[in-house]
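Thanks for coming. I'll go through one model, starting with contacts between charged side chains and then moving on to a pocket and a few loop residues.

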Amino acid sequence: MKKIEITITNDSEIIFAEKSGDQNMYATKHYIPGSAIRGALVAKYLEKNSDETDEFYDLFLSGKVRFLPAYPCFESQKNDTVVLPLSLMKNKKGTEIKDMATDKITGAGFKKLTGFASVDESGNVEPIEVVTQISFHMSRNEDDERSAGKSNDGSIFNYEYIQPNQCFKTTLIFDDELEEKIKIFQKVRSLRLGRSRNSQYGKCKCDSSEILPLSMSGDIPEKIMLIATTPYIPAGPWQTTDEAINSLVNEINEVLGENKVKYAFEPENIFANCEEINGYVGVWHAKKPTFKAMAAGSIFPIDISALRTLEEKQLLQNILYAGLGENTEDGFGQFKVWNFAGKLQFKDHDKNIKNEKNKFELKKGKELIADILKEYYLAEVVKLAVSLELRYSEDYKYKHAIRSVIDLMESEKAMGDIIKDIENFKDTAKDNLKNIFIVKDNSNLYVALTSDSQPYGRLDFDELYKSKIESLGLTKDVYDKDEDYKTFWLRALRHCLKNTAGDENE
């Protein structure tokens, strides 16, 4: 097996919502689930390829590619991000780490150390925080409610989201036979991820590595600590941690063909938790089934004294890379040998590192201002879309054509490609679009969608914001005609569907 790594930077907010203890609050995961990465790459693949090929099956359905979660990372980080073991504690000052698997903690002054961190070969720990924000939302179902900014029967809630300009890294582990096919992912430069990705959320850019070998530990002791780097979903029913670990050991021995791996039951060295795994399928607009899993960061001892040769120990590591339990294609069931028990310490930063970080933050700050100006411009585009008046002729019958256009606007396709697809619609679909008229100039919707002159064309981005962008010393062009086109028509056509609800034969 081999791997490629994909670094993802979110240009806009991203949300991976999950229900919290508060019924009016939706929290977000602080990482990108493997299932979301797999789904986004499927969408990207289908823009230019078919799902009825052997290649599609091998890449996405065969289980020969494991799409691991994208954990947060530093921009120039070389080593992997790890989920910190559940056995770790830190003192209140944040200067000392204790591992309950090897250290005895006496007295007060220590608390749990959890989350994500960069850990180098010397055991230096650098915690990585994901910056989030909480926003208030009120659902308004009718146009007049949106204009009034209030609702008589809509619900209100808060939701958490991951703020822009943060880095995440995922790993795709694949079987050797797919080495040529996997290269298609190295060409991907952008993805849409998370909930509400068809509005302002979820826009990400990405950069892929070359094909890399999997790292293997050479000298492994007879008793090792295994850490779950992603949640583990046992294949059968389970209630206790012991049952989950025994299921894991049995699965490893089945692949080995012999009972050479044993669960070294030592209650004082077992630190595990469980979590619920759920999700949402955007294509079906439906929730996924909920599974109970052993949480990432769970750590426990395993006896491998019966594995005598280097080949056997490397086979064990290959089994761990292949994934164990259910849903391994979505990155679940990944384990590693943990070699840092009792050997971790916080990393010291010298002044040069801090100065470099300050420069990085200043650069991001300028880019953030540019993005804010662009958001103001897009808000003006949305206002025009909401105010667009449409008139429907008596011959207008079906919404299918509008839904097809909305699907194109929600895709990653550019404006020119979308126009070509609309021009290739069947005559029935074209006629339905031609039976919807824009009141302002009496042009029909088909002409408006495929014209070079768009209804929002009176907005001059250069006149409004370009001078401000240049004054910041930024050279990148923040104006994006494809995004303007899709933002305008996505909002306008959604209103079109609402206005014709119940007035058609489906």
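Glu5 and Lys169 are both buried, where buried means under 20% relative accessible area, exposed means over 50%, and partly exposed lies in between, with a 1.4 Å probe and protein chains only. The two form a salt bridge, their closest N and O atoms being 3.9 Å apart; the term requires a side-chain nitrogen of Lys or Arg within 4 Å of a carboxyl oxygen of Asp or Glu. Since Glu5 lies in strand 1 and Lys169 in strand 14, the pair ties together parts that are 164 residues apart in sequence. Helices (H or I, at least four residues) and strands (E, at least two) are DSSP runs, numbered from the N terminus.

Before going on, the ground rules. This is a predicted model, in which local features need pLDDT of at least 70 and side-chain atom pairs count only at pLDDT 80 or more, while totals for chains, interfaces and linings use all residues. Residues are numbered from 1 along each chain as its sequence is written, and side-chain values use heavy atoms, with hydrogens and water left out.

How many salt bridges does the structure hold? There are 19. Another of them joins Lys64 and Glu177, at 2.7 Å from N to O. This one also links distant parts of the chain, 113 residues apart: Lys64 is in the loop between helix 2 (54–61) and strand 4 (65–67), and Glu177 is in the loop between strand 14 and strand 15. Lys64 is partly exposed at 24% relative accessible area, whereas Glu177 is exposed at 57%.

Glu180 pairs with Lys183 in a salt bridge, with 3.1 Å between the closest N and O atoms. Glu180 is exposed, at 58%, and Lys183 is partly exposed, at 33%. Lys2, Asp176 and Glu179 are joined into one network by salt bridges that share partners.

Next, the second largest pocket. Its volume is about 1,000 Å³. A pocket here is an open set of points on a 1 Å grid over the protein atoms alone, where a 1.4 Å probe fits, with protein on both sides within 12 Å along at least five of seven lines; lining residues have an atom within 4 Å of a point. The volume is the space filled by probe spheres set on the points, and grid points are joined across faces, edges and corners.

Which residues are closest to the centre of this pocket? Of the 37 that line it, they are Asp80, Val82, Ser215, Tyr321 and Lys336. Elements that each supply at least two lining residues include strand 1 (2–10), strand 14 (167–174) and helix 5 (310–322).

Now the loops. Asn165 is not a glycine, yet has a positive phi of about 65°. Asn165 sits in the loop between strand 13 (156–162) and strand 14, and is buried at 16% relative accessible area. Asn327 is also a non-glycine with a positive phi, about 55°. Asn327 is in the loop between helix 5 and strand 25 and counts as partly exposed at 22%. For context, most residues other than glycine have a negative phi.

Last, Arg189, in the loop between strand 14 and strand 15 (190–192). Arg189 is partly exposed, at 48%. The C-alpha atoms of Arg189 and Ser208 are separated by 8.3 Å, with their positions 19 residues apart along the chain counted as the separation.
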